[in-house]
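The report below walks through a single structure, from its helix packing to its loops. Please keep the sequence and the coordinates at hand while reading.

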Amino acid sequence: MTGLPKQFELGINEIDAQHVEFIKMLRELKARMGSSPRQEEICVYLERLNNYAKAHFKTEKEYMDRFKYPDIAGHLTEHAHLLQAIEQLEGKYTAENSSVAVYALIDFMETWLLEHIPMYDKKFAEYLRENVIE
Ligand SMILES: [Fe+2]
Ligand SMILES: [Fe+2]
C-alpha cells in the first residue's frame, strides 16, 4: 500500500515510493509558496525537484532496460519533455523572480504526473507483470 489512488499504483515498490515522494515534494513547495518564501529557498526546492525527477527517470530507465521494455523510446521521450519544461520554468523563475513561474511549474508537473503515471508508467508495469517471472 502506497496511499496512492488505485490508478496510480504500479505494484513496483521502488517506483511507487518515488511517485509518492514526488507528489509530496510538489505539495510541500505549493504550501511553502503561500508564505512568501525567499528566492534562495525556492531555488533549493526547484533544484531538489529537478534532481528528483532525473533520479526517478533513471530508475525507470534501468527497469525498462533490464526487462527489455519494447516502448522504451516513447516513454523516455515523455520523460525528456518534463525535464525540458522544468529547465525552462526554472530558468524563467531565476530570470524574473516571479512566483507565477513557480506556480506554472507546479501545475505543469502535477498535470504531467497525473497523466503520465496511469498511462505510461502503468503500461510498463503491466508489461513487467505479463512478461517477467522473477
Ligand atoms: Fe514515473
Ligand atoms: Fe515514466
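## Helix packing and core

Leaving aside residues up to four places away in sequence, Leu29 touches Tyr45 and Ile106. This and everything that follows refers to a predicted model. Leu29 also belongs to the largest nonpolar core, whose 11 residues are Leu29, Ile42, Tyr45, Leu49, Ala53, Leu89, Tyr93, Ala101, Val102, Leu105 and Met109. Two or more residues of this core come from each of the elements H2, H3 and H4.

The pairing of H1 with H2 can be described through their axes, which come within 11 Å and cross at roughly 165 degrees. The two helices are therefore roughly antiparallel to each other, and their crossing is left-handed. On the H1 side the contact is formed by Glu14, Ile15, Gln18, Phe22, Met25, Leu29 and Arg32, which meet Tyr45, Arg48, Leu49, Tyr52, His56, Thr59 and Glu60 of H2.

How are H3 and H4 oriented, and at what angle do they pack? Their axes lie 10 Å apart, and the angle is about 170 degrees, which makes H3 roughly antiparallel to H4, as that angle is over 145 degrees. H3 contributes His75, Glu78, Leu82, Ala85, Ile86, Leu89, Lys92, Tyr93 and Glu96 to this contact, while H4 contributes Ala101, Val102, Ala104, Leu105, Phe108, Trp112, His116, Tyr120 and Phe124.

Within H3, the residues His75, Leu89 and Tyr93 are buried, and the elements that cover the buried residues of this helix include H2 and H4, the latter spanning 99-131. The length of H3 also agrees with expectation, because its 25 residues should span 36 Å at 1.5 Å a residue and its end C-alpha atoms are 36 Å apart.

## Loops and positive phi values

Three residues with positive phi are set out below.

| Residue | Phi | Place |
|---|---|---|
| Ser36 | near 40 degrees | loop between H1 (13-33) and H2 (39-66) |
| Lys68 | about 50 degrees | loop between H2 and H3 (72-96) |
| Asn97 | near 50 degrees | follows H3 |

Neither Ser36 nor Lys68 is a glycine. Ser36 is exposed, because 7 other C-beta atoms lie within 10 Å of its own and the limit for an exposed residue is 12 or fewer. Lys68, with 10 other C-beta atoms within 10 Å, is likewise exposed by that cut-off.

## Surroundings and separations

Is Tyr63, with its 18 other C-beta atoms within 10 Å, buried, exposed or in between? This residue of helix H2 is partly exposed, because its count falls between the 12 or fewer of an exposed residue and the 20 or more of a buried one. From Tyr63 to Glu87 there are 24 residues in sequence, and their C-alpha atoms are 25 Å apart in space.

Glu126, which lies in helix H4, counts as exposed with 12 C-beta neighbours inside 10 Å, because 12 is still within the limit for that class. Although Glu126 and Gly11 are 115 residues apart along the chain, their C-alpha atoms are separated by 9.3 Å.

Terms used
Residues are numbered from 1 along each chain as its sequence is written. Chains are lettered from A and ligands numbered from 1 in the order in which they are written. This is a predicted model: local features need pLDDT of at least 70, side-chain atom pairs count only at pLDDT 80 or more; totals for chains, interfaces and linings use all residues. Helices (H or I, at least four residues) and strands (E, at least two) are DSSP runs, numbered from the N terminus. The expected span of a helix is 1.5 Å times one less than its number of residues. Two residues are in contact if their C-beta atoms, placed from the backbone, lie within 7 Å. A nonpolar core is a set of buried Ala, Val, Leu, Ile, Met, Phe, Trp, Tyr and Cys residues joined through C-beta atoms within 7 Å. Axes are lines fitted to C-alpha atoms, for helices over the stretch in contact, and angles run from 0 to 180 degrees between N-to-C directions. Angles under 35 degrees count as roughly parallel, over 145 as roughly antiparallel, 65 to 115 as roughly perpendicular and the rest as oblique. A crossing is left-handed if the near helix is turned anticlockwise from the far one by less than a right angle, and right-handed if clockwise.
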